[in-house]
Amino acid sequence: MENLMHYHKKLFQLFILLYGVLSFAQSYREDTLRGEFTYQLKAKFDTRTDYRHKEFFTLLIGNERAFFASSNSLKRDSILDNSRVTTHNSDGSITLGIKNGTSTPETNFHFTIIQANENIQYFAPVAMSVLSYKEPVIKNWKLLNETKQINTIHCKKAEVTFKGRNWIAWYAPEIPLPYGPYKFSGLPGLIIKITDDKGDFDFELVKSVPRSKLKSQLVNIRKSRYTEAIETTQLKLKQALRNADTNAAAVLASYGTTIVKGQEIVRQREKEREENKKYENPIELSPN
């Protein structure tokens, strides 16, 4: 299992480096930044263990929409943009590259989620494209007459069933921003903490930037994360990710060795992946 996770980590690193080299440094420069919040995710992705993966995610709130992504993936974008090197070749061609010694933070979460008034849109890089799908904003929240203080913030309770899991949310009416982590939005206040009833997934607000420091700032997120995306369905996007992973694995497996041996390695990794699928514990258990 550990070797498989290490392999996938290296595979993602290779892809993101290539994706970063070919993407121009574009940022979204239209939304005024109204809020910047950091959440910590504690997630049990494998039913065979009680280990909880921990990662920070950033929620950037603009005028009419919010952007949610892994904090490390956003840092990676910034580092790659600032480390890009352009070489003008003698034949007139141009080669794009990254400065030697450039180190980027690790993450396996390369998606971007945009929350708006009516729709949630999910974006993910697949090969050299970006695919996306839309979903309606959650509207079946059950607001409860129960309160709690979380890190000095007065919160109210809400519940919802979403994609096969029952979620308990605590939101802050005193922060009148209808957003939250992942795809969770639509409450009359910022979501401070949300946990599924099994305790497998937990998002909690751990940091916020004071509004006084946000004055005159704009939402700054790489434009290539979400513009010119190919719209599809969630099912087809997942299948495209699996296909891209398999294809990249085949290339890596055969690199520096015989094609036959490479194909054997790919088949073994496919077998391991199929076995591991039995124990996967995704955040979404059902499509609806």
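## A salt bridge between two buried residues

Asp 202 and Lys 193 are joined in a salt bridge, and their closest N and O atoms lie 2.7 Å apart. Both Asp 202 and Lys 193 are buried, and it should be kept in mind from the outset that the structure described here is a predicted model. As a general point, side chains of opposite charge can pair when their charged atoms come close.

## A link between distant parts of the chain

How far apart along the chain are Asp 200 and Arg 165? The side chains of these two residues, Asp 200 and Arg 165, meet in a salt bridge with an N to O distance of 3.6 Å. The pair links distant parts of the chain, since Asp 200 sits in the loop between β12 (190-196) and β13 (201-208), while Arg 165 belongs to strand β11 (residues 165-172), and the two are 35 residues apart.

Asp 200 has a relative accessible area of 11%, and because buried means under 20%, Asp 200 falls in the buried class. Arg 165, with a relative accessibility of 2%, counts as buried by the cut-off of under 20% as well.

## A pair with two kinds of surroundings

Asp 46 and Arg 48 also form a salt bridge through their side chains, with 2.9 Å from N to O. Are Asp 46 and Arg 48 buried or partly exposed? Asp 46 counts as buried because its relative accessibility is 12%, whereas Arg 48, at 41% relative accessibility, counts as partly exposed.

## The wider set of salt bridges

The model has a count of 17 salt bridges. Which residues are joined into one network by salt bridges that share partners? The members of this network are Asp 77, Asp 81, Arg 222 and Arg 225.

## Two residues with positive phi

The backbone angle phi also deserves attention at two places in the chain. Ala 127 has a positive phi of about 55°, although Ala 127 is not a glycine, and its place is in the loop between β7 (119-126) and β8 (129-136). With a relative accessibility of 44%, Ala 127 counts as partly exposed.

Ser 216, which is likewise a residue other than glycine, has a positive phi near 70°. Where is Ser 216 placed? Ser 216 lies in the loop between β13 and β14 (230-231), and because its relative accessibility is 77%, where exposed means over 50%, Ser 216 counts as exposed.

Technical notes:
Residues are numbered from 1 along each chain as its sequence is written. This is a predicted model: local features need pLDDT of at least 70, side-chain atom pairs count only at pLDDT 80 or more; totals for chains, interfaces and linings use all residues. Side-chain values use heavy atoms; hydrogens and water are left out. A salt bridge is a side-chain nitrogen of Lys or Arg within 4 Å of a carboxyl oxygen of Asp or Glu. Buried means under 20% relative accessible area, exposed over 50%, partly exposed in between (1.4 Å probe, protein chains only). Helices (H or I, at least four residues) and strands (E, at least two) are DSSP runs, numbered from the N terminus.
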